[in-house]
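Trainee: I should be grateful for a close reading of one part of this model, with attention to its charged pairs and to its loops. Please proceed element by element.

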Amino acid sequence: MALSPKLEIRQGQTLIMTPQLMQAIKLLQMSSLDLTSYVEAEMERNPLLERSEGDGGGAERDDPGADDGAREAASGENDGEWLRSELSDTSREIADKLDTDLGNIYPDDPGTRVSADAGGEPTQRDAWQMGLGGGSGAGGSGDGYNLEAFVASGVSLQDHLAAQMVLAFTDPVERIVARAMIDNLDEAGYLRFDLDEMADRMGLERHRLEAVLKVLQTFEPTGVFATSLPECLRLQLIEKNRYDPAMACLIENIELLARHDLAGLKALCGVDDEDLAEMIGELRALDPKPGSSFGETLVQPVVPDVIVRPARDGGWSVELNSETLPKVLVNQTYYAEISTQARGEKEKAFLTDCLQTANWLAKSLDQRARTIMKVASEIVRQQDAFLAYGVQHLRPLNLRTIAEAISMHESTVSRVTSNKYMATPRGIFELKYFFSAAIASSGGGDAHSAEAVRHRIRTLIDAEAPDNILSDDTIVKILKDDGVDIARRTVAKYRESMRIGSSVQRRREKRARGG
């Protein structure tokens, strides 16, 4: 059979991922914060996009709060006028009694210098009075002082330690080493690098680094520059003069304390129950993360994308959170104005591309909102019992059930439920929370949700008595009596996923608390 090149014509259908389709899929799985950032970037690149401020964007004449604001402004202005007149009268009376100007008596006081009313530069007192009276104040905004502008920024751990380093070290090389160690601290105040590696990188001997580290470990807060938790606790105990041989043995075997093996600790440390309880109490009073009290960690609250409220007819009202939906408009007027002034083909192509991109973005945002609404409404319909009675009534649910109910693909439902949250009367939950595996019923009835079974296991363990700790086999028996067909290994897996110890660990812990 001879091989030779030839041409053939074939006809077929394929799905091509256009840029617009890729953008729609990308928007669908974005969180509200990522979506806002993406829309802001698109608005910077596209001159035809502008934000829709809504009904509350501008100042309305019939705003009921406008009168209150005017009254507050007038009140603030009257207070400022009263304060300026009072200070002015008091200063004049003092000057008349002393037969001289106050500036001659207190030449170093900036508040007694010539004021702005007399034609000179405004003083600090004048600026303060202007701020109280609704004047220009700090920044000249006309709204008085902005108190947030005077709030001191938080001191970071590195800045706090650098201030102590300047006083503790005079040698330039030691300061460089100390600065490098300070910069390598993590948020908890631990030193996370190898001294040998740092010595090779800096071309110094290890003992010089150890000498610098020994000094740094005396800095405040006590416990910083430790390389492990036992060392951090040891530094704090040395500072309190409580690091004796028994406490040293306890710290060296701290993993036994984590397992609540009190009998082993008593044998190793050579102490009785009372002394061991006192030593454990001292350890609990220490700070395992001495550096966490410095700096400002930004905590971003969860903003729900969907809000569910009880309806008057006994059902549930599902609505989108308007605060998480960026509203954009396509400025057709601006496009019509500048399209007639475009000269070259490149400018016309740019404007056409901007118009198509803007229209597609607005359409994609609208479609995203509709899709989220469809999925959320079906989830609420499927999990009605959970909203009414609690997690023990959570039904087993998968993506296919929702996809078939709303005539969408499973991948679309998966993207919608990613990084989206729902606010319900029972709290804020991620949409994926409502999807859980099914556990068969021992009586042949409806299956149970895995999340509901986890809740049941936690409830049983929380209610157990110290002298009647439930083993995994006992929990399996109780659940089967309640109609849940579950294996022992599944109970152990769910228990470990909730970070609940075994029956032996729980027995030791509850006995220690009782003692």
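Mentor: What follows is a reading of the helices, their salt bridges and the loops that join them.

The model is predicted, and the values below are computed from it. Helix α10 is a convenient place to begin. Pro-221 sits in the loop between α9 (206-216) and α10 (229-239). The peptide bond that joins Glu-220 to Pro-221 is cis, with omega at about 0°. Within the helix itself, Arg-234 and Glu-231 form a side-chain salt bridge, at 3.8 Å from N to O. These two residues are 3 apart in α10, so about one helical turn separates Arg-234 from Glu-231. The partners differ in burial class: Arg-234 is partly exposed, at a relative accessible area of 26%, whereas Glu-231 is buried, at 15%.

After α10 comes the loop that leads to α11 (245-252), and Asn-241 is placed there. Its phi is near 60°, a positive value in a residue other than glycine. Most residues other than glycine have a negative phi, and most peptide bonds are trans. Asn-241 is exposed, with a relative accessible area of 70%.

Helix α14 spans residues 273-284 and contains Glu-274. Glu-274 belongs to a negative surface patch, together with Asp-272, Asp-275 and Glu-278. Its relative accessible area is 63%, so Glu-274 counts as exposed.

Helix α16 covers residues 345-382, and Gln-382 is part of it. Here Arg-370 and Asp-366 meet through their side chains in a salt bridge of 2.8 Å, N to O. Because Arg-370 and Asp-366 are 4 residues apart in α16, about one helical turn lies between them. Asp-366 is partly exposed, with a relative accessible area of 38%. Gln-382, by contrast, counts as buried at 10% relative accessibility. Gln-382 and Ile-402 are 20 residues apart in sequence, and their C-alpha atoms are 8.6 Å apart in space.

The next pair involves two helices. Arg-400 forms a salt bridge with Glu-410, and the closest N and O atoms are 3.2 Å apart. Arg-400 belongs to α18 and Glu-410 to α19, so this pair ties together parts that are 10 residues apart in sequence. Glu-410 is partly exposed, at a relative accessible area of 32%. Ser-407 is found in the loop between α18 (399-406) and α19 (410-416). Phi of Ser-407 is near 60°, again a positive value in a residue other than glycine. Ser-407 is exposed, with a relative accessible area of 67%.

Helix α21 (residues 472-481) shows how burial is arranged around a helix axis. Asp-472, Ile-475, Val-476 and Leu-479 are buried in this helix. Viewed down the axis of α21, the buried residues fall within an arc of 100°, so they line one face of the helix. An α-helix has 3.6 residues a turn, so residues three or four places apart point the same way. On the other side of α21, Lys-477 and Asp-481 are exposed.

For the model, the count of salt bridges comes to 23. Among them are the pair within α10, Arg-234 with Glu-231, and the pair between Arg-400 and Glu-410. Salt bridges that share partners also join Lys-6, Glu-8 and Arg-10 into one network.

Conventions:
Residues are numbered from 1 along each chain as its sequence is written. This is a predicted model: local features need pLDDT of at least 70, side-chain atom pairs count only at pLDDT 80 or more; totals for chains, interfaces and linings use all residues. Side-chain values use heavy atoms; hydrogens and water are left out. Patches are made of residues with over 30% relative accessible area and no salt bridge: like charges are joined within 9 Å, nonpolar side chains (Val, Leu, Ile, Met, Phe, Trp, Tyr) within 5 Å. Accessible areas come from the Shrake-Rupley method with a 1.4 Å probe; for residues, only the protein chains shown count as cover. A salt bridge is a side-chain nitrogen of Lys or Arg within 4 Å of a carboxyl oxygen of Asp or Glu. Lys and Arg count as positive and Asp and Glu as negative; His and the chain ends are not counted. The place of a charge is taken as NZ of Lys, CZ of Arg, CG of Asp or CD of Glu. Buried means under 20% relative accessible area, exposed over 50%, partly exposed in between (1.4 Å probe, protein chains only). The arc is that of the directions from the helix axis to the C-beta atoms.
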